[in-house]
Amino acid sequence: MSNDSPQIQALRARYRESFPEKMAVIDGCLENLKCLFHEGDDQAIKQEFDVIHAELHKFAGSFGMYNYQDIATVCRDAMTSISSRDTQLVLDLLTKLSAMIASHNVNEES
Amino acid sequence: MKWGNRHKQVVSDVVLDKINQHVFDRHQLAYICVDHSSKIIEYSENIHSYGFDNVSVGTDVTDVVDFMVGADTRHSLELPMMATPSGTTVTVNMLADDECMTILMLDASTQMQYRSKLQQAANENELLVDQQQKLMRKLEVASDELQQKNLQLQEANRLQTSFLSGVSHEFRTPLTSIIGYTDLVKKNLSASEAQKNSSENYNVDHLRAANRSSKHLLSLVENLLDHGKLNSNEIVVRPKPIDLVEVFHDVKMLIMPLCDTKGIELFFHSDFQSPVWVLIDDSRLRQCLINLIGNAVKFTDRGCVTVSASWQSDVLEVSIVDTGLGIEPQDLEKIRLPFWQAEGTGKAGTGLGLTITERIIELMGGELQINSVVGEGTSVDFSLSAPEMNRVETEQTVSIGRTDFNILLAEDDADIANLVLMLLAENGVTVSHAKNGEIAVKMMQENQYDLVLMDLNMPVMNGYQAIKKIRERDTATPVVVMSASALEDQRHPVAAIECDAYLVKPVDVADILKIANDLIK
């Protein structure tokens, strides 16, 4: 049941339309991190973590605000993994994040 | 009347004589009169009662009274308490004049006893004071030790909570991942396995089992996390409109497989069938129901678990009755303690579910009651405030308070900014937007706002720097930080933020308005 005004509903619809773009950002982070992980460049991984953390922080906020709590939670979990420097776990969670956004995108389109 | 010589004579002849007789009789006054060559001239008859048997006229007094040896008979002297040959303590006054010396002895036994008693009392008192001081010292030492132990206990408790929270967090993250991926694979597998025969569906069954175990492990871990939050008072209850029918249906679907596995029945009864919209924290309500019904199922090996729910006059009452093992009377209070579990039941768990559930119910304004009979079963009852949502919706606009504020929102994320701006505007708030900290500082310098909502992670100038700049010129306007992370998760030093409140995203517009009403005078 939605109590949202038409304007808010329109905002929410526009947010959903941005999912492919957000998936692209996540996939981009994922690919970069995978390459760096294979190269074993710790310094570069650390810098990449900073970039990814900033993106995840934004996503955690906006997905949460738009009632996608499950995605926001995974974003926070990924941020925690970055803090503990667990690269493999970060990769797993980014993969999961991309899949979840894709899943929501498909479900809501249909 | 003046005393004439005649009166003095009467006093001298009559009264003094009586006084003398009284003193002699009552106080055993004895005397020996000696001349200045120490020869005894006269003595009182009662001198012998003091043991001076050989006193006689003409005898040298130093031969019969040993304290007179060496005494100068021409000078008066008073001696302290002396012991006479009879053992009596006397006071001795030696009164000398030109002709003789009179040695007066007065029985001082009573005085002596009194002094002894006084001395004894003083000694006993001193002993008591000494003992008291020793006890006080012991008490101080014990108090210090107790304080030390208390500090150690507090530190141990803090470390335990911190350890549990830290470990639980670390477990939760990969578990969430496992569950998410098994859910995804399960979904994909189910679709393809549906075409095959049942003997080849074992992949789906195994995955389901792995998924269930992971979810169970996650719930244990989240209980540990909640336990840590209990200790630091971090558990928050956020009421929102929910459909009770849907909540109970979801919980039933979740618990049913557990009952099927154990071969016990699960019954749900309620006096509400069609959707019932109430204002309550649905995630916490689910948590309580799952914990309590889950416990009932865990401790019931045969028979059934019956859940009864009733909603009347804005109160939700729930009763969970099982035909399980029952709880010993002496354990009924202990089961509410964290980590306590009854011995010999062989049931798994952390022992935290009931503790957390009870605390959540208290936070929601209810009370948990447990009754049990060993061998027959247990009933758990609680009631919660669950106001009907339609009436609450109207009342909420009154309870939120004022909305005629002028607020500055500093937020770089366009999606979030647009949503917050629109939600606030729909509630009658005048909102201005700055997309980074630098613009926010400039707008604060040029305009007057009732309140600032500040995101922390912004480009050009972040929220920390912006607040610092604002506070250099304006210490009055309230600043409320909105961030996607709780304060302790921030990667930047946050000790110096001079904000008036901190909100963690996602933020409800009602939360913003409530804080605005609290902060804006």
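Okay, so right after helix α7 of chain B comes B:G365, and its phi is positive, near 85 degrees. When I say helix or strand, I mean DSSP runs, H or I of at least four residues for helices and E of at least two for strands, numbered from the N terminus. Keep in mind that this is a predicted model, where local features need pLDDT of at least 70 and side-chain atom pairs count only at pLDDT 80 or more, while totals for chains, interfaces and linings use all residues. Residues are numbered from 1 along each chain as its sequence is written, chains are lettered from A and ligands numbered from 1 in the order in which they are written, and side-chain values use heavy atoms, with hydrogens and water left out.

Back to α7(B), residues 353-363. How many of its 11 residues are buried? Eight are, so to speak, under cover. Buried means under 20% relative accessible area, exposed means over 50%, and partly exposed is in between, using a 1.4 Å probe and protein chains only. Among the buried ones are B:L354, B:E358 and B:I361.

Now the sheet. In chain B, five strands make an open sheet in the order β7-β9-β10-β12-β11, with mixed pairing. Two strands pair if DSSP finds at least two bridges between them. Why do β7 and β11 of chain B each have one side without a neighbour in the sheet? Because they stand at the edges, each with a single partner strand. From one strand to the next, the twist averages 10 degrees. Strand β11(B) runs antiparallel to β12 (residues 377-385) of chain B, and seven bridges join them. One pairing to find on your screen: B:Q369 has B:D381 in β12(B) as its bridge partner. And here α7(B) comes back, packing on the sheet, where α7(B) touches β11 and β12 of chain B and makes about 135 degrees with the direction of β11(B). For contacts, I mean heavy atoms within 4.5 Å. For angles, axes are lines fitted to C-alpha atoms, for helices over the stretch in contact, and angles run from 0 to 180 degrees between N-to-C directions.

Next, a helix pair. The axes of α9 (residues 414-426) and α12 (residues 509-519), both in chain B, come within 10 Å and cross at roughly 60 degrees. Who meets whom? B:V420, B:L423 and B:L424 from α9(B) meet B:V509, B:I512 and B:L513 from α12(B).

B:V420 also gives us a link to B:V431: they are 11 residues apart in sequence and 9.2 Å apart in space, C-alpha to C-alpha. B:V431 sits in strand β14, residues 430-434 of chain B. Is B:V431 buried or partly exposed? Partly exposed, because its relative accessible area is 21%. Beyond residues up to four places away in sequence, B:V431 touches B:I407, B:L409, B:L421, B:L424 and B:A425.

Last stop, the cores. A nonpolar core is a set of buried Ala, Val, Leu, Ile, Met, Phe, Trp, Tyr and Cys residues joined through side-chain atoms within 4.5 Å. The largest has 61 residues, and A:L56, A:F63, A:L94, A:L97 and B:L453 touch the most other members. Its largest share, nine residues, comes from helix α3 (residues 42-65) of chain A. Apart from that core lies another, of 41 residues, and B:I361 from before is one of them.
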